[in-house]
Amino acid sequence: MQARIIDLPRFIDERGNLSVIENRRDIPFTIRRTYWVYDVPGGEQRGGHAYRQNEELVVALSGSFDVVVDDGRERRTFSMNRSYFGLYLPGGTWRELNNFSTNSMALVLASTDYDTADYIHDYQDFLNYIQHERQ
């Protein structure tokens, strides 16, 4: 499965809009962990790693940022700037978050508990892992 934008349910109301994310209904996994990234200084990057198993959904709750994803064959950039879009990242996807606007906040929903053994921090190790998985 490839990285892709998921259009999240939204309920438009003159009093303010609402979006929702439900396990296995709106996203293809059960949420085990939630975290958010904020107050990123100008020019800084987050991510710069892949997971072997963990799947994620990244949502721009406020502001904007770019997510560069790489599956070992293709590199794509997704501009995140709407709170009703989520970027699905399957396991085995290299990701880099950059170009954060002032006061931006990235919400990340993850399919696994935190596990340092699931991370791949070196890009060449990632490419080797992907090549091995495809054989």
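Student: Quick one to start: which residue in E11 is the bridge partner of Thr-34?

Tutor: That's Leu-109. Keep in mind that we're looking at a predicted model here.

Student: Okay. How many bridges join E4 to E11, and do the two run parallel or antiparallel?

Tutor: There are 6 bridges, and the two strands run antiparallel. Another pair of opposite residues is Tyr-35 and Val-108, the second of which sits in E11.

Student: And what about E6 and E11, how many bridges join them?

Tutor: Also 6 bridges, with E6 (residues 56-62) running antiparallel to E11. Within that pairing, Ala-60 has Ala-106 of E11 as its bridge partner.

Student: What's the order of the strands in the open sheet?

Tutor: Going across, the order is E1-E9-E6-E11-E4, which makes an open sheet of 5 strands with antiparallel pairing.

Student: Which strands stand at the edges, and why is one side of each left without a neighbour?

Tutor: Strand E1 (4-7) and E4 do. Each has a single partner strand, so one of its sides has no neighbour in the sheet. From one strand to the next, the twist averages 25 degrees.

Student: Back to E11 for a sec. How many of its residues are buried?

Tutor: 5 of its 6, so E11 is mostly covered; buried here means under 20% relative accessible area.

Student: New topic: the largest nonpolar core. Which residues touch the most other members?

Tutor: Val-58, Phe-65, Val-67, Val-69, Met-80 and Leu-87, out of 16 residues in that core. Two or more residues come from each of E6, strand E7 (65-70), strand E8 (75-80), strand E9 (85-89) and E11.

Student: Which element gives the most to it?

Tutor: E7, with 3 residues. There's also another core lying apart from this one, with 9 residues, including Ile-6, Leu-8, Leu-57 and Leu-107.

Student: Let's pick on Val-67. What is Val-67 in contact with, leaving aside its neighbours within four places in sequence?

Tutor: Val-58, Arg-76, Thr-77, Phe-78, Met-80, Leu-87, Glu-96 and Leu-97. Among those, Val-58, Met-80 and Leu-87 are also on the list of core residues that touch the most other members.

Student: Pockets next. What volume does the second largest pocket have?

Tutor: About 190 Å³.

Student: And which residues line the second largest pocket?

Tutor: The lining is made up of Tyr-35, Val-37, Arg-46, Gly-47, His-49, Tyr-51, Glu-56, Val-58, Arg-95, Leu-97, Val-108 and Tyr-119. So you've met a few of these already: Tyr-35 and Val-108 are the opposite pair from before.

Student: Where does the largest share of that lining come from?

Tutor: From E5, which supplies 4 residues. At least two lining residues come from each of E4, strand E5 (46-51), E6 and E10.

Student: Last topic, backbone angles. What's unusual to look at in Arg-24's phi?

Tutor: Arg-24 has a positive phi of about 55 degrees, although it isn't a glycine. You'll find Arg-24 in the loop between strand E3 (18-19) and strand E4 (33-38).

Student: Is Arg-24 buried or exposed?

Tutor: Exposed, because its relative accessibility is 59% and the cut-off is over 50%.

Student: And Asn-103, where does that lie?

Tutor: In the loop between strand E10 (94-98) and strand E11 (105-110). Asn-103 has a positive phi too, near 65 degrees, and with a relative accessible area of 63% it counts as exposed.

How values were computed:
Residues are numbered from 1 along each chain as its sequence is written. This is a predicted model: local features need pLDDT of at least 70, side-chain atom pairs count only at pLDDT 80 or more; totals for chains, interfaces and linings use all residues. Side-chain values use heavy atoms; hydrogens and water are left out. Buried means under 20% relative accessible area, exposed over 50%, partly exposed in between (1.4 Å probe, protein chains only). Two strands pair if DSSP finds at least two bridges between them. Axes are lines fitted to C-alpha atoms, for helices over the stretch in contact, and angles run from 0 to 180 degrees between N-to-C directions. A nonpolar core is a set of buried Ala, Val, Leu, Ile, Met, Phe, Trp, Tyr and Cys residues joined through side-chain atoms within 4.5 Å. Contact means heavy atoms within 4.5 Å. On a 1 Å grid over the protein atoms alone, a cavity is a set of points where a 1.4 Å probe fits but cannot get out, and a pocket is an open set with protein on both sides within 12 Å along at least five of seven lines; lining residues have an atom within 4 Å of a point. Grid points are joined across faces, edges and corners, and a volume is the space filled by probe spheres set on the points.
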